[in-house]
Amino acid sequence: MNIQLVQQKFTICILFLITLLWVGMTFSAAAAEQILRKGNGPEPQSLDPHQSQGVSASNILRDLYEGLISEAPNGELIPGVAKRWQIDESGTHYTFYLREQAKWSNGDPVTAHDFVYSWRRIVNPQTGSAYAQTLAPILNANAIIQGEKDPTTLGVQALDDFTLAVKLQGPTPYFLGLLTHSTTYPLHAVTVKKYGNKFARAEHSVSNGAYQLTEWVVQSHIILKRNSRYWGDAKTRIHTVYYYPIEDQSTELKRYRAGEIDLTYGIPLNQYKWIKKHLAKEFHVAPYLGTYYYGFNLTKPPFKDNKKLRQALTMAIDREIIAEKVTGGGEIPAYGWVPPRVLNYQAQTFAWHKMDKTTRLAEARKLYHQAGYSKTNPLVVEVRYNTSENHKKIALAISSMWKKALGVRVKLLNEEWKVFLANRKQKLTQAFRSGWIADYNDAFSFAELLYSQHGINDTGYNNSDYDSLLKQSAIEKDPNKRRQLLEQAEQTMLADYPMMPVYFYVTKRLIKPYVRGYQGNIMDHHYTKNMHLAK
Amino acid sequence: MLRYIIKRLLGMIPTLLVIITLAFFLIRLAPGGPFDTDKTLPEEIQLNLDKKYHLDESLLQQYFRYLWQLLQGDFGPSFHYQDYSVNELIETGFPVSLQLGLSAMILALLVGLSLGTLAALKQNTSADHLVMSFSMTGVSIPNFVIAPLLLLLFAVHLDWLPAGGWDSSRPSTIILPVLCLALPQIAYIARLTRASMIEVLHSNYIRTAFAKGLPMRLILMRHALKPTLLPIVSYLGPATAGVITGSVVIEKIFSIPGLGRFFVLGALNRDYTLVMGVVIFYGLLIILFNFIVDLLYAWLDPKVRY
């Protein structure tokens with residue numbers, strides 16, 4: 001064989017091998033360097049699961065920690081640190097069996113004692129947690145929160161390192177769902193005791209989730225890196241997660257368009273049409289467990305003891321127009337309080353919700369007159385809302401609908417958030433805008449808000465029948481009977497018109513086409529460990 | 001001079017005390033408290049939080065406790081960012097604002113002085129009109145209009161610069177925010193320089209210098225520039241203090257972790273200690289910069305002597 005030909009073939013082989021090696025290295029580097037960049041709304045107040053508040057902190061904590069129960073991408077409950085559990089016949093005793101391979105990011109095993117420590121800490125009034133009441137269904141939790149009992153009396157006990165027994169006050173069908181809430185995550189006791197209120201910072205943080213905190217620059221970014229000691233780490237594909245605190249959604253959109261963010265926290269409503277036109281394939285809308293509503297102050301005129309007036313106002317607005325033309329982001333018009341798709345619940349609606357528009361408005365006018373108002377003697381009412389372009393647009397639309405249909409004169413009062421909250425709590429309002437996002441997927445999360453003694457019952461609604469139905473539902477063991485009680489309670493409440501539901505929330509975000517594994521779910525809970533990048 | 005410096009330094013103490021006292025009581029007059037949310041806290045937890053942050057004490061007690069803390073250089077824990085103290089937040093936010101602000105001021109000075117001088121020398125020509133039109137535009141168009149426009153052009157459409165974030169090791173992240181922050185300053189400085197330079201150029205000693213046949217460059221550098229700078233220096237003191245303590249709009253649009261956002265977010269969240277910390281820090285800088293301006297006056301103006 002010609003030596004030159006051999007040399008040529010050899011060179012080609014070497015070049016081919018180098019190319020293969022280069023391609024291989026490039027691909028393996030790409031696979032190793034999966035970095036997800038998320039817009040995350042406001043800066044989290046704290047990354048201590050017991051001090052944090054708000055969605056932005058929960059998003060990060062969900063990656064950092066794992067509770068007894070976790071969630072699949074579609075929101076379905078799946079085992080977390082607990083590999084299995086048992087519930088006794090009374091529905092009040094739960095026994096959780098923990099994974100022996102579950103580890104903290106420093107290599108220590110995650111034990112039942114870590115859960116006991118964490119749960120006692122959150123209900124301890126000295127911790128000052130705003131979310132302590134998440135654990136209210138557990139035996140003695142309320143008494144401990146009120147300072148009447150010692151935290152050690154909480155109905156939770158480590159039977160051994162990997163068995164946790166929980167005793168509830170009464171059967172709580174949504175208890176397992178509650179265990180996905182960030183307040184129920186375990187804590188590494190040694191770290192918390194050593195560093196006190198600084199234990200959640202990057203330099204000290206020890207977590208048991210799929211990721212660990214490596215950098216936190218306030219108002220700039222938070223970086224999480226894969227936790228190699230996480231029991232399910234073999235399935236984790238994204239190596240690094242950047243969380244960017246970006247409050248201004250126009251800024252977030254620009255950064256998304258410039259390719260600096262893969263997944264946004266929300267979208268600017270005033271650019272909804274542009275997004276639908278130009279980024280339709282990257283725009284994701286999903287139902288969310290929340291209701292936007294207007295509350296009536298039932299403790300003062302004009303709404304006190306005037307159900308007909310409240311009903312007339314509730315009937316006079318056109319929810320379809322508000323959802324389509326004012327908010328325009330796929331929101332669902334609300335004719336009831338509890339949103340659709342809540343587990344084990346049939347959404348309830350006002351009796352008149354299928355009435356055609358003309359009949360509905362005629363009925364509203366009739367009720368308005370019966371309530372003592374007319375065109376010559378119109379209702380003059382104050383409507384308060386907190387500063388936001390969206391709230392302002394909705395308030396203007398509602399006041400114009402009331403004026404057109406009934407002749408109501410509305411005085412719109414725009415207030416800064418803390419002022420607005422203070423006025424609502426002191427019941428200095430007449431009508432006010434509000435919204436409620438559920439902490440867990442159960443109708444009770446909505447129903448309890450209108451319980452007469454509930455701390456956030458800003459309308460002052462007080463109906464003993466409603467309270468009684470809620471109390472019965474709290475001790476009912478049969479899920480179907482419980483469901484009927486809650487549905488009956490909602491019907492009772494809707495017939496009293498203490499508030500006016502406007503629309504059910506949806507989540508709206510932009511996601512780059514190469515982000516895989518994201519699935520919209522009603523709780524809007526998304527775990528980075530379930531995602532990967534295909535680029 | 002030394003006596004003057006000591007007198008001025010001592011004079012800062014009562015000024016600062018007035019700032020602290022006013023800020024302390026004003027922020028507490030605002031409705032709502034630091035722990036108010038749309039959820040209601042159980043009474044026992046509210047009491048414990050109040051105790052932890054000494055909100056259960058009388059206002060006077062809180063005031064004197066705060067003064068005592070300040071004397072030890074401690075601004076206290078942030079009520080809102082519970083994992084951080086106010087000192088730590090200022091320590092992380094201020095270097096960013098300082099770098100951004102100083103870069104913007106240096107750029108503004110270089111460009112503003114040059115443009116202003118050019119306009120004064122070419123008074124009532126097309127060059128003068130062009131510079132003044134630019135200045136008028138710079139002064140009139142607010143940051144929240146110009147910043148998104150530049151961002152759309154350079155970051156989204158041309159993809160030359162990043163759309164946000166801050167990394168001092170990557171100059172590309174600094175360019176757009178510095179430019180946006182510098183533009184109105186350039187406009188102000190150019191206008192001030194032009195007016196001042198025209199006035200100086202019409203004074204007798206400059207006319208004499210021209211009559212003696214001195215070259216233009218020498219007249220400008222040796223005789224005209226120093227007195228021209230006087231009104232600009234007066235403007236620079238508070239302007240620099242304002243710019244280096246953070247621009248809320250620029251920081252928000254470019255997602256920059258500076259001090260300006262803490263001020264606004266602190267007030268909105270009723271984070272008493274954070275607002276106090278930033279107000280005191282800002283007050284201190286304003287006083288210091290005004291003091292430096294007064295000292296510079298003595299160097300620039302032979303008529304001023306302390």
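Two strands pair if DSSP finds at least two bridges between them. Keep that in mind for the first stop on this tour of a predicted model.

**Stop 1: a hairpin in chain A**

Select strand 8 and strand 9 of chain A. Together they make a hairpin with three residues between them. Click on A:Gln219 in the turn, where phi is positive, at about 65 degrees. The two strands run antiparallel and are joined by six bridges. For a landmark, pick A:Ile223 in strand 9 of chain A; A:Glu215 stands opposite.

Now add strand 10 (residues 240-244) of chain A. Strand 9 (residues 221-226) is antiparallel to strand 10 as well, with four bridges between them. Which residue of strand 10 is the bridge partner of A:Ile223? Look for A:Tyr242.

**Stop 2: the rest of that sheet**

Add strand 1 of chain A and you have an open sheet of four strands, in the order 1-10-9-8, with mixed pairing. Strand 1 (35-39) and strand 8 (211-217) are the edge strands, and each pairs on one side only. Ignoring direction, neighbouring strands here are turned by 20 degrees against each other on average.

Next, show helix 2 (residues 55-64) of chain A. This helix packs on the sheet and touches strand 8, strand 9 and strand 10. The direction of helix 2 makes about 140 degrees with that of strand 8. If you display side chains, a general point helps: in a regular strand they alternate between the two faces of the sheet.

**Stop 3: a second four-stranded sheet**

Stay in chain A and select strands 4, 5, 7 and 6. They form an open sheet in the order 4-5-7-6, with antiparallel pairing. Strand 4 (82-87) and strand 6 (156-160) each have a single partner strand, so one side of each is left without a neighbour in the sheet. Neighbouring strands of this sheet are turned by 20 degrees against each other on average, direction ignored.

Zoom in on strand 6 and strand 7 (residues 163-167) of chain A, which run antiparallel and share four bridges. Here A:Val156 has A:Val166 in strand 7 as its bridge partner. Then bring up helix 3 (residues 112-123) of chain A, which packs on the sheet and touches strand 5 (93-98), strand 6 and strand 7. The direction of helix 3 makes about 165 degrees with that of strand 6.

**Stop 4: two domains**

Zoom out and colour chain A by domain. Domain 1 takes in 55-242 + 511-533, and domain 2 covers 289-505. Taken over C-alpha atoms, the centres of the two are separated by 34 Å. Where they meet, 11 residues of domain 1 are in contact with 12 residues of domain 2. How many charged residues are on the domain 1 side that touches domain 2? There are none: that side has six nonpolar and five polar residues.

**Stop 5: odd backbone spots in chain A**

Some background: most residues other than glycine have a negative phi, and most peptide bonds are trans. Go to A:Pro301 and A:Pro302; the peptide bond from one to the other is cis, with omega near 10 degrees. A:Pro302 lies in the loop between strand 11 (283-296) and helix 9 (307-316).

Then jump to A:Arg341, a non-glycine residue with a positive phi of about 75 degrees. You'll find A:Arg341 in the loop between strand 12 (332-333) and helix 11 (357-370) of chain A.

**Stop 6: over to chain B**

Select chain B and switch to cartoon: there are 12 helices and zero strands. The C-alpha trace spans about 85 × 60 × 35 Å along its principal axes. Of the 306 residues in chain B, 36% are buried.

Click on B:His54, in the loop between helix 2 (43-52) and helix 3 (59-71) of chain B. Phi of B:His54 is positive, near 60 degrees. Is this residue buried or exposed? B:His54 counts as exposed because it has 12 C-beta neighbours inside 10 Å.

**Stop 7: where the chains meet**

Show both chains. At the interface, 41 residues of chain A are in contact with 39 residues of chain B. On the chain A side, helix 7 (249-257) and helix 13 (417-425) are the elements that give two or more residues. That side has 16 nonpolar, 16 polar and nine charged residues.

**Last stop: confidence**

Colour chain A by pLDDT. The mean is 90, and 94% of residues reach 70 or more. Over residues 19-31 of chain A, though, the pLDDT is below 50, and this stretch has zero contacts in the model beyond near neighbours in sequence.

Terms used
Residues numbered from 1 in each chain as written. Chains lettered and ligands numbered in written order. Predicted model: local features only at pLDDT ≥ 70, side-chain atom pairs only at ≥ 80, totals over all residues. pLDDT = per-residue confidence, 0-100. Contact = placed C-beta atoms within 7 Å. Nonpolar A, V, L, I, M, F, W, Y, C, P; charged D, E, K, R; others polar. Domains from an automatic or database assignment. Axes fitted to C-alpha atoms, helices over the stretch in contact; angles between N-to-C directions. Buried ≥ 20, exposed ≤ 12 C-beta atoms within 10 Å, placed from the backbone.
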